[in-house]
Amino acid sequence: MQGFEYAFLGGSLLLSVALLLVCLLFFSFRKGWASRPGRHVGVVETRHLGWIDMAGVGLIFAIYLGNWIDLGQIRSPEFATTGLLVSQLVLQLAFIGVVLGVLYRRVDLTLFWGLRPGRYWWVIGVTFTGFIVYSLILEGLWALGFEDWTARVFRRVADPVAAENEVLPVSIYLWGLVTVVAAPLTEEIVFRGYLYPVLKRMGGIWLAALTVSLFFAAAHLDGAYLLGRFLLSLILIAAYELTGSIWAPVGIHFLNNGFVFSGSFLE
């Protein structure tokens with residue numbers, strides 16, 4: 001990774017931390033957790049969240065910041081294809097453990113995440129609509145030359161050694177497992193299912209959406225796709241608010257990642 005991209009991602013992560021602090025200040029002026037209980041705006045639940053969730057949010061932010069700091073130590077192409085995928089899978093499972101541990105016995109997860117939505121057809125419709133809208137946005141950006149511009153800015157060049165490692169069967173299987181299966185589930189539980197409701201409870205829907213989306217985009221540690229992932233997160237949050245069910249953003253995320261994964265073999 002180039003030094004400029006590394007610094008750019010670090011700046012984006014720190015900006016998301018600054019927005020988190022703004023949420024905290026805004027929350028403090030509203031006299032804490034007892035000030036405005038309930039949903040505020042939208043249908044995503046924020047009740048039963050308390051001060052302990054600030055510890056959970058802080059831990060997740062700290063881990064991702066540590067991941068960015070350690071990024072500069074990755075040098076081996078083999079590690080970057082196989083070892084990194086394994087480490088990411090373990091990290092995602094660890095995040096699930098953190099979220100479930102913080103919410104344990106305080107929140108009914110079936111209601112909190114809308115795991116049994118009353119209108120399945122609405123969830124399915126929002127899922128496919130969200131995926132189509134995001135795909136059209138990306139097509140518009142690529143048509144404007146955004147992909148070529150980011151490649152020049154971040155000096156993306158082909159690495160034949162890494163490319164050779166990427167076709168190893170173990171890497172392909174792990175890539176598919178992490179990208180198509182694990183990421184949509186774990187990232188939606190962590191970012192939209194936990195971070196977003198907590199920050200919504202603190203700073204309201206708009207500040208929470210902005211903070212979580214910037215953090216989500218920067219946490220992927222890929223400067224060229226930061227804008228795309230930021231927009232994806234906004235769409236995922238909108239789908240969550242429209243349906244009240246975590247299955248909608250999970251479905252959009254699954255369709256997007258599955259499309260990217262399958263498309264990589266068709267190029």
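A residue counts as buried when its relative accessible area is under 20%. That cut-off serves throughout this tour of a predicted model.

**First stop: asparagine 256**

Select asparagine 256, which is placed in helix 11. Its relative accessible area is 11%, so asparagine 256 is classed as buried. Display the residues around it: beyond those up to four places away in sequence, asparagine 256 touches Phe131, Tyr134 and Leu232.

**The whole chain**

Now zoom out and colour by secondary structure. The protein chain contains 11 helices and 0 strands, and its elements, read from the N terminus, run α-α-α-α-α-α-α-α-α-α-α. Of the 267 residues in the protein chain, 47% are buried. A contact map repays attention here: among contacts between residues at least 6 apart in sequence, 81% join residues at least 24 apart. If a surface is drawn, the accessible surface of the protein chain comes to about 13700 Å², and 70% of that surface belongs to carbon and sulfur atoms.

**Helix 1**

Select residues 3-29, which form helix 1. Helix 1 has 27 residues, and the distance from its first C-alpha to its last is 39 Å, close to the 39 Å expected at 1.5 Å a residue. An α-helix has 3.6 residues a turn, so residues three or four places apart point the same way. With that in mind, show the buried residues of helix 1, which are Glu5, Leu9, Gly10, Ser12, Leu13, Ser16, Leu19, Leu20, Cys23 and Phe27.

**The largest nonpolar core**

Which members of the largest nonpolar core touch the most other members? Select Ile60, Phe191, Tyr194, Leu195 and Tyr196, which hold that position among the 64 residues of the core. The elements giving two or more residues to this core include helix 2 (52-71), helix 3 (77-103), helix 5 (120-143) and helix 8 (169-203). Helix 9 (205-219), helix 10 (226-243) and helix 11 (247-263) are also among them. Helix 9 provides the largest share of the core, with 11 residues.

Centre the view on phenylalanine 191. Apart from neighbours within four places in sequence, phenylalanine 191 is in contact with Tyr64, Tyr196, Val212, Phe215, Phe216 and Ala219.

Next, move to valine 99 in helix 3. Is valine 99 buried or exposed? Valine 99 counts as buried because its relative accessibility is 0%. Residues up to four places away in sequence being left out, valine 99 touches Ile60, Trp113, Ile189, Val190 and Tyr194. A distance label may be added between the C-alpha atoms of valine 99 and glycine 56: these atoms are separated by 7.0 Å, although the two residues are 43 residues apart along the chain.

**Salt bridges**

The model has 5 salt bridges, and three selections follow.

Begin with arginine 106 and aspartate 53, whose side chains meet in a salt bridge at 2.7 Å, N to O. Arginine 106 lies in the loop between helix 3 and helix 4 (109-112) and aspartate 53 in helix 2, so this pair ties together parts that are 53 residues apart in sequence. Arginine 106 counts as partly exposed at 27% relative accessibility, whereas aspartate 53, at 0%, counts as buried.

Select arginine 47 and glutamate 45 next. These residues form a salt bridge in which the closest N and O atoms are 2.8 Å apart. Arginine 47 is partly exposed, with a relative accessible area of 41%, while glutamate 45 is buried, with a value of 12%.

The third selection is arginine 229 with aspartate 222, a salt bridge whose closest N and O atoms are 4.0 Å apart. Arginine 229 counts as partly exposed at 23% relative accessibility; aspartate 222 is buried, with a relative accessible area of 16%.

**Last stop: a nonpolar patch on the surface**

Finally, return to the surface representation and select Leu177, Val181, Leu185 and Trp247. These residues form a nonpolar patch on the surface, with about 340 Å² of accessible area together. Helix 8 gives the patch its largest share, 3 residues. Tryptophan 247, by contrast, is found in helix 11. At 39% relative accessibility, tryptophan 247 counts as partly exposed. Helix 11 is also the element that holds asparagine 256, where the tour began.

Technical notes. Residues are numbered from 1 along each chain as its sequence is written. This is a predicted model: local features need pLDDT of at least 70, side-chain atom pairs count only at pLDDT 80 or more; totals for chains, interfaces and linings use all residues. Side-chain values use heavy atoms; hydrogens and water are left out. A nonpolar core is a set of buried Ala, Val, Leu, Ile, Met, Phe, Trp, Tyr and Cys residues joined through side-chain atoms within 4.5 Å. Buried means under 20% relative accessible area, exposed over 50%, partly exposed in between (1.4 Å probe, protein chains only). Helices (H or I, at least four residues) and strands (E, at least two) are DSSP runs, numbered from the N terminus. Contact means heavy atoms within 4.5 Å. Accessible areas come from the Shrake-Rupley method with a 1.4 Å probe; for residues, only the protein chains shown count as cover. The expected span of a helix is 1.5 Å times one less than its number of residues. Patches are made of residues with over 30% relative accessible area and no salt bridge: like charges are joined within 9 Å, nonpolar side chains (Val, Leu, Ile, Met, Phe, Trp, Tyr) within 5 Å.
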